[in-house]
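Colleague: Before I use the labels attached to this model, I should like to hear the grounds for each of them. Please set every value against its definition.

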Amino acid sequence: MSRIYLNAFDMACVGHQSPGLWRHPEDQGHRYKTLSYWTELAKTLEAGGFDLLFLADVLGAYDVYGGSRDAAVIDAAQFPVNDPTLAVSAMAAVTETLGFGITVSLTYEQPYALARRLSTLDHLTEGRVAWNIVTSYLDSAARNLGLDAQLPHDRRYDIAEEYLQVCYKLWEGSWEPDAVERDPVRGVFTDPTKVHDIEHQGQYFTVPGPFLCEPSAQRTPLLFQAGASPRGVRFAAAHAEAVFVSGPTPEVVRGPVRALRQETARLGRDPRSIKVFAMVTPIVAETHDAAVSMLHEYRRFVSPAGALALFGGWTGVDLAELRPDEPLRHIETDANRSALASFTKDSGRTWTTRELAQEIGIGGRGPVLVGTASGVADELERWVDEADIDGFNIAYVITPGTFADFARLVVPELRRRGRVPHRRERRTLREQFDGGGPHLADDHPGTAYRRVRLPG
């Protein structure tokens with residue numbers, strides 16, 4: 001019986017995937033700007049059997065819908081939003097095994113600075129950090145960060161390839177494993193002959209080095225990626241150790257997962273070495289009727305305009321221009337291509353704007369699982385079997401209520417079925433996810449930049 005991995009899916013904002021639900025009297029999303037919210041959440045997740053807190057992020061407002069940001073601003077649809085990295089060290093201080101997946105866009109940061117920030121967090125968490133590598137998809141972010149518009153989709157991935165080369169050289173190649181001696185007798189903390197300049201000169205970056213940080217527990221943080229376009233799949237197959245996918249049904253998700261594993265094998269990596277996570281939003285109660293009643297209650301708070309504002313940002317498509325009952329059609333944009341494809345390429349149905357707003361108003365692009373602990377666990381197992389995935393990003397309707405209900409009801413059921421361990425040892429995130437050592441696997445391209453073989 002294969003292990004099911006569980007990530008809590010959140011964001012440093014008021015409302016993440018369920019626009020309008022901030023109005024629910026039990027929702028605590030407005031506390032996102034307090035440290036106590038994050039430390040309390042981290043303790044709840046660790047005690048509840050979650051493996052990781054996955055933090056999404058954007059660097060701009062959702063301003064496609066109706067040609068305005070107003071719908072997103074009114075409904076707190078991922079606006080306002082804070083930096084996802086800064087609360088991580090505080091959460092790490094109150095937990096021992098919970099990992100932290102942090103979304104940081106490489107399009108607007110120099111690799112030297114970002115590599116240092118991630119290494120610092122990997123030090124402070126003792127190896128419990130993952131980097132969700134994104135190239136960003138909002139024109140509003142590009143405009144606020146010095147560009148007229150976002151770069152073309154495939155060019156962003158070309159830049160990402162070189163960006164990762166720089167990071168690998170810094171994390172894997174600049175410091176030899178025994179460079180730090182800390183010898184008070186000889187008065188040598190670090191042997192300078194074992195710290196190297198990386199001397200990178202490429203098309204997009206020039207980074208002489210050396211890296212400022214000594215190696216952290218993982219050296220390279222665990223690498224997440226979420227691209228589902230053909231170019232994104234090639235990038236993920238080359239670099240990712242975990243991939244986040246979204247879709248309304250296992251049938252929709254299965255194709256991209258198959259393509260990812262095939263491309264991974266073609267590149268000489270173990271196709272099972274990549275852990276694949278699908279997004280789901282559980283609404284669970286002691287009885288099925290009680291869970292359905294919760295869903296009906298939640299739907300009273302959904303904001304259709306906020307939902308379509310999010311969809312406009314994800315896809316670059318303004319659905320305000322369509323009639324409510326007009327079917328969606330697939331078009332190519334330079335935004336998040338997988339978001340539109342997950343609905344327009346669903347062979348099981350054709351979506352209208354009205355139906356789409358209702359569907360993504362709770363849980364965004366993933367399915368909503370409603371029922372008892374046993375029923376939700378059955379559905380999770382079905383997804384694992386039919387879509388060939390390894391785990392889930394659990395999105396919330398209300399926070400922290402959705403996470404607390406899942407931990408209280410569903411996790412014990414998954415443990416009873418042997419899908420989730422009863423306890424986890426304190427170790428690095430990479431060891432927790434792949435069962436191997438703390439460093440990149442030997443078949444990973446990042447290892448090509450090592451100067452010497454790492455111990456263990």
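Modeller: The structure holds 4 cavities of 30 Å³ or more. This is a predicted model, in which local features need pLDDT of at least 70 and side-chain atom pairs count only at pLDDT 80 or more, while totals for chains, interfaces and linings use all residues. Residues are numbered from 1 along each chain as its sequence is written, and side-chain values use heavy atoms, with hydrogens and water left out.

Colleague: What makes a space a cavity and not a pocket?
Modeller: Both are sought on a 1 Å grid over the protein atoms alone: a cavity is a set of points where a 1.4 Å probe fits but cannot get out, whereas a pocket is an open set with protein on both sides within 12 Å along at least five of seven lines. Grid points are joined across faces, edges and corners, and the volume is the space filled by probe spheres set on the points. By that reckoning the largest cavity has about 60 Å³, and the second largest pocket about 360 Å³.

Colleague: Which residues line the largest cavity?
Modeller: A lining residue has an atom within 4 Å of a point; for the largest cavity these are A226, G227, A228, V233, V243, F244, V245, P256, V257 and L260. Two or more of them come from each of β10 (242–245) and α8 (250–266), where strands (E, at least two residues) and helices (H or I, at least four) are DSSP runs numbered from the N terminus.

Colleague: How does that lining divide by class?
Modeller: The lining of the largest cavity has 9 nonpolar residues, 1 polar and no charged. Ala, Val, Leu, Ile, Met, Phe, Trp, Tyr, Cys and Pro count as nonpolar, Asp, Glu, Lys and Arg as charged, and the others, Gly among them, as polar. The second largest pocket has 7 nonpolar, 6 polar and 10 charged residues in its lining. Of its 23 lining residues, G437, H439, L440, A441 and D442 lie nearest the centre, and helix α15 (residues 429–434) gives the largest share, 3 residues.

Colleague: Which residues does the "binding site" annotation cover?
Modeller: The UniProt record, an unreviewed entry, lists D57, T103, H153, Y157 and S229. Such annotations may be inferred rather than shown by experiment; positions follow the numbering used here, and feature names are shortened.

Colleague: Why is S229 called buried?
Modeller: Buried means under 20% relative accessible area, exposed over 50%, and partly exposed in between (1.4 Å probe, protein chains only). S229 stands at 6%, so it counts as buried. It lies in the loop between β9 (222–225) and α7 (230–239).

Colleague: What makes the pair S229 and H153 a polar contact?
Modeller: The term requires a pair of N or O atoms within 3.5 Å; within protein, one must be able to donate a hydrogen and the other to accept it, and residues adjacent in sequence count only if both atoms are side-chain atoms. The side chains of S229 and H153 are joined by such a contact of 3.2 Å. A polar contact of 3.2 Å also joins the side chains of H16 and Q17.

Colleague: Which residues does D57 touch?
Modeller: Contact means heavy atoms within 4.5 Å. Not counting residues up to four places away in sequence, D57 touches M11, V81, N82, P84 and T103; it is placed in the loop between β2 (52–56) and α2 (70–74). A56, in strand β2, touches F9, D10, M11, H16, P84 and T103 under the same exclusion of residues up to four places away in sequence.

Colleague: How do you know that A56 and H16 are buried?
Modeller: A56 has a relative accessible area of 12% and is therefore buried; H16, at 2%, is likewise buried.

Colleague: Why is E126 called partly exposed, and R219 buried?
Modeller: E126 has a relative accessible area of 48%, hence partly exposed, whereas R219 at 3% counts as buried. Each has a positive phi: near 60 degrees for E126, a residue other than glycine, and about 60 degrees for R219, also not a glycine.

Colleague: Where are the cis peptide bonds that involve P80 and P400?
Modeller: One joins F79 and P80, with omega about 5 degrees, and another runs from T399 to P400, with omega near 0 degrees. P80 is in the loop between α2 and α3 (88–93), and P400 in the loop between β13 (391–394) and α14 (401–416).
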